[in-house]
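I opened this notebook to keep track of what I look up in the structure, one entry at a time. My plan is to go from single residues to strands, and then to contacts between charged side chains.

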Amino acid sequence: MLPCQRHLFDLPDDIAYLNCAAHSPLAHAVVEAGGSGLRQKVRPWAIGREHFFELPETARALYAELIGADADGIAIVPAASYGLATAAANLSIGPGRDVLILAEDFPSNVHTWRAQAARSGAAVVTVARPADDDWTEAVLARLDERIAVAALPNVHWTDGGLLDLARIGERCRALGAALVLDTTQSTGALPLDLDAVRPDFMVAAGYKWLMGPYSLGYLYVAPHRRDGRPLEQNWIAREGSEDFASLIDYRDAYQPGARRFDVGERANFALVPASIAALEMLRDWSVPAVAATLAGLTAGIAERAAALGLASAPAHRRCGHFLGLRFPDAPPPDILARLAEAGVHVSVRGRSLRVSPHVYNTQDDVDRLIGALARLVG
């Protein structure tokens, strides 16, 4: 369990920010690193090899360490949708085959695979929301020989419903199905055994649980997928791009590993240093410690909310770092505005009031949330 880290952030005492699943706040160190990087453009003659090559490699290595991967398997991407599009472009889905997704999944995943299925003559199979909140069994029941790709999260983005990706990954391999993961709502806050899951592609946007800036994330690519086709043909992904004088000697070979999948202008002088600072902070905290700390917070919130008549998925069927509170009917349409008036910031996603704390939250924040909810439902 981590002590409260609120001092690292600019969070007023009268604000209960419980919305990390939408945007994490940036820590002071992250803001400073990003600002310092942006100021490089004030004197561009000082921009050199370090900024184009060394800093992106530092970010790549830090993210690889965070998820238990090798740095050669990490591409720098601007968004989860970019990583999903990369996966779709490199997986063969023929007519008569299916892509498996979850009901009410994040739109980027749904639209990516609908478009891919339309191009290839495949079909999209949607796993219905299970009445017992057991997404794992629901997915396993729909996995069969027709499935070419299972495109899934680790946790459902609306309410934190948990999937056992090790079991699902094992079943995918037995069927010869590719496994594509969007772990934007889990990486950085929930440990994952990459060796047990063995996804083909796994992407995470950086501005939520990775505590970093908007428009910079990371894509893991399995070893047998690293010779694929990138979405772009940018100069820096090519072999020998470190030698600016020789860029006119156009080379067909790529930089090693997943670097060919890097987004153009990956050496963003503001975002890369900011992301490095955020990843270093997560490394210092450790993901297991973050997960344990947040599980304690959400367990207390779930218990106190239940006393107000607001249910949530059973503890063993949801992640520990956020939860969706369920009203007897749909959440009141003005609930976010009324909570904000009380200094409480959360989200509504689907039919859930999504509450997503982090290590900067205090018991006072929880009390403020429960007090505001009590006034709303009382």
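**Entry on backbone angles.** I began with R198, which I found in the loop between α7 (194-197) and β7. I noted that this is a predicted model, and that the phi of R198 is near 55°, a positive value in a residue other than glycine. I then asked whether R198 is buried or exposed. Its relative accessibility is 51%, and because the cut-off for exposed is over 50%, R198 counts as exposed.

I looked up E265 next, which lies in the loop between β8 and α8. E265 also has a positive phi, about 55°, although it is not a glycine. With a relative accessibility of 75%, E265 counts as exposed.

**Entry on the loop between β8 and α8.** I stayed with this loop, whose flanking elements are β8 (217-221) and α8 (271-285), and found F244 in it. F244 is partly exposed, at a relative accessible area of 43%, and together with W235 and L247 it makes a nonpolar surface patch of about 280 Å².

D249 is found in the loop between β8 and α8 as well, and I read it as partly exposed, with a relative accessible area of 46%. I also looked up how far D249 is from K208: the two are 41 residues apart along the chain, and their C-alpha atoms are separated by 40 Å.

**Entry on strand β6.** Which residues of β6 are buried? I went through the strand, residues 178-182, and found that five of the five are buried, so β6 is largely enclosed by the rest of the structure. On one side these are A178, V180 and D182, and on the other they are L179 and L181, so that both faces are covered. I reminded myself that in a regular strand the side chains alternate between the two faces of the sheet.

I then looked for the neighbours of β6. Strand β5 (residues 147-153) runs parallel to β6 and is joined to it by five bridges, and here L152 has L181 as its bridge partner. Between these two strands the chain passes through helix α6 (residues 165-175), and the resulting β-α-β crossover is right-handed. Strand β7 (residues 201-205) also pairs with β6 in the parallel sense, over three bridges, and F201 in β7 stands opposite V180.

**Entry on an open sheet.** I looked up a sheet of three strands, which is open, antiparallel in its pairing and ordered β9-β12-β11. Its edge strands are β9 (323-326) and β11 (347-349), each of which pairs on one side only. From one strand to the next, the twist averages 40°. I followed the pairing of β9 with β12 (residues 352-355), which is antiparallel and has four bridges, and noted V355 in β12 as the bridge partner of L323.

**Entry on salt bridges.** How many salt bridges does the count give? The count comes to 20. Before looking at single pairs, I noted that side chains of opposite charge can pair when their charged atoms come close.

I started with D98 and R146, whose side chains meet in a salt bridge at 3.1 Å, N to O. The pair links distant parts of the chain, since D98 is in strand β3 (residues 98-102) and R146 is in the loop between α5 (135-142) and β5, 48 residues apart. D98 is buried, with a relative accessible area of 6%, whereas R146, at 44%, counts as partly exposed.

I looked next at R129 and E104, whose side chains also meet at 3.1 Å, N to O. R129 lies in the loop between β4 (123-127) and α5, and E104 in the loop between β3 and α4 (107-120), so this pair ties together parts that are 25 residues apart in sequence. R129 is partly exposed at 30%, and E104 is partly exposed at 47%.

I also checked R283 and D284, which form a salt bridge with their closest N and O atoms 3.8 Å apart. Here R283 counts as partly exposed, at 41% relative accessibility, while D284 is exposed, at 59%. As a last item I recorded one network, in which salt bridges that share partners join E57, R60, D72, R259, D262 and R266.

How values were computed:
Residues are numbered from 1 along each chain as its sequence is written. This is a predicted model: local features need pLDDT of at least 70, side-chain atom pairs count only at pLDDT 80 or more; totals for chains, interfaces and linings use all residues. Side-chain values use heavy atoms; hydrogens and water are left out. Two strands pair if DSSP finds at least two bridges between them. Axes are lines fitted to C-alpha atoms, for helices over the stretch in contact, and angles run from 0 to 180 degrees between N-to-C directions. Patches are made of residues with over 30% relative accessible area and no salt bridge: like charges are joined within 9 Å, nonpolar side chains (Val, Leu, Ile, Met, Phe, Trp, Tyr) within 5 Å. Accessible areas come from the Shrake-Rupley method with a 1.4 Å probe; for residues, only the protein chains shown count as cover. A salt bridge is a side-chain nitrogen of Lys or Arg within 4 Å of a carboxyl oxygen of Asp or Glu. Buried means under 20% relative accessible area, exposed over 50%, partly exposed in between (1.4 Å probe, protein chains only). A crossover is right-handed if, with the strands pointing away from the viewer, the path from the first strand over the helix to the second runs clockwise.
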